[in-house]
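The exercises below take one protein chain and work through it step by step. Please look at the sequence and the structure before reading the solutions.

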Amino acid sequence: MAQLTGVRKMVVAITAVFASAGAAIPAPNATALSMQTGAITSQPIGHYEFCQSHHSECEIKSKSSTAPRVTNFGWSVIREVNLAANREIRPMTDMDLFGKDEVWTYPDASGDCEDFVLLKRKKLMQKGFSPSDLLITVVRKPDGEGHAVLTVRTAQGDFILDNLENEVKLWTKTPYRFLKRQASFNTGRWVTIENGAEVLVGSVGN
C-alpha cells in the first residue's frame, strides 16, 4: 500500500508539472523557439568519462516525442532548481578542484559549469521531468570561452538554465553561440545545433 501511495504521489507531481495538450500557456514572442539539431557529433571528453562511472545515466533511449507543455507550477519548479543550485554551489574550476580539466561530476559545495548542469538535471528528473527534455548543451561565450548550460525542451520553446544567470531564459535571449547538445533520443549521444550561429547574430542585434 505504501508503494502504491508513492506511485500516486509521483503521478500527481508529474500532472502538476506538465499541462495537457490543450492547456493554454502563452509562448514568448520569438521566431526560433526551438533549436534545430542535426547530425550525431563528438561527445565531450568530460561527458564520456562521466558516462564511464554513470553507465545507467548515459544509456537512456527515448522515442522521438513532442516537447511537453509546462504548467505554471512546472515553471516555478524549474526556476527554483536553477536558483537553488546557483546559490548553493560555489563556482570553482576543475583545475582548482581536481588539478586537471574536464572533470564532470555532481558537486558537493563547489563545481564548474558542467557540474551545475549535472546537478540541475538530476534535481529536475527527481521532480518528474524526462531526461529526453533535459539536455546538457555546449555553447561559446562572447569572449570565445567554452561553457555548458542545461536546455529544457518545452512546447513553449527551449529554455536555458545557466550558472551565470539566475533568470531562466529562452535560448534566443542568451548571448551564446550554441554548438551541440545531448540527443533527446539517447543520453549518451550528442548532436549538432544547426541554427546556433543565427541566434547569436539575432541576440547581438536586440
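Contact is taken throughout to mean heavy atoms within 4.5 Å. The structure is a predicted model, in which local features need pLDDT of at least 70 and side-chain atom pairs count only at pLDDT 80 or more, while totals for chains, interfaces and linings use all residues. Residues are numbered from 1 along each chain as its sequence is written, and side-chain values use heavy atoms, with hydrogens and water left out.

**Exercise 1. Describe the protein chain as a whole.**

Solution. Begin with the contacts: among those in the protein chain with a separation of 6 or more, 63% are between residues 24 or more positions apart. Next, take the secondary structure, where helices (H or I, at least four residues) and strands (E, at least two) are DSSP runs, numbered from the N terminus; the protein chain has 6 helices and 9 strands. For burial, the terms are buried for under 20% relative accessible area, exposed for over 50% and partly exposed in between, with a 1.4 Å probe and protein chains only. Of the 206 residues in the protein chain, 44% are buried. Finally, accessible areas come from the Shrake-Rupley method with a 1.4 Å probe, and for residues only the protein chains shown count as cover; the protein chain exposes about 10,900 Å², of which carbon and sulfur atoms supply 53%.

**Exercise 2. Find the disulfide and describe its geometry and surroundings.**

Solution. A disulfide is a pair of cysteine sulfur atoms within 2.5 Å, and by this rule the count comes to 1. The residues joined are Cys-51 and Cys-58, with an S to S distance of 2.1 Å. The angle about the S-S bond is -80°, and the link of Cys-51 and Cys-58 is left-handed. Both Cys-51 and Cys-58 are buried.

**Exercise 3. Follow helix α5 from its dimensions to the pocket that it helps to line.**

Solution. The expected span of a helix is 1.5 Å times one less than its number of residues. Helix α5, residues 113–126, has 14 residues and reaches 20 Å from its first C-alpha to its last, close to the 20 Å expected at 1.5 Å a residue. The helix is mostly covered, since 10 of its 14 residues are buried, among them Cys-113, Phe-116, Val-117 and Leu-124. Cys-113 counts as buried because its relative accessibility is 14%. Just after α5, Gly-128 takes a positive phi of about 110°.

For the pocket, a 1 Å grid is laid over the protein atoms alone, and a pocket is an open set of points with protein on both sides within 12 Å along at least five of seven lines, whereas a cavity is a set of points where a 1.4 Å probe fits but cannot get out; lining residues have an atom within 4 Å of a point. Grid points are joined across faces, edges and corners, and a volume is the space filled by probe spheres set on the points. The largest pocket holds about 420 Å³ of space. It is lined by 23 residues, of which Asp-112, Cys-113, Glu-114, Glu-145 and Gly-146 are the closest to its centre. At least two lining residues come from each of α5, β4 (134–140) and β5 (146–154).

**Exercise 4. Is Glu-102 buried, partly exposed or exposed, and what sign does its phi have?**

Solution. Glu-102 is found in the loop between α4 (94–98) and β3 (110–111). It is partly exposed because its relative accessible area is 31%. Most residues other than glycine have a negative phi. Glu-102, although not a glycine, has a positive phi of about 60°.

**Exercise 5. Compare where Met-35 and Leu-135 are placed, and list what each one touches.**

Solution. Met-35 is found in the loop between α1 (2–17) and β1 (37–41), and it counts as buried because its relative accessibility is 7%. Leaving aside neighbours within four places in sequence, the contacts of Met-35 include Thr-151, Trp-171, Phe-178 and Arg-181. Its C-alpha lies 9.0 Å from that of Thr-172, which is 137 residues apart from it along the chain.

Leu-135, by contrast in placement, is in strand β4, and it is buried, with a relative accessible area of 0%. Not counting residues up to four places away in sequence, Leu-135 touches Val-149, Leu-150, Thr-151, Arg-153, Arg-181, Gln-182, Ala-183 and Ser-184.
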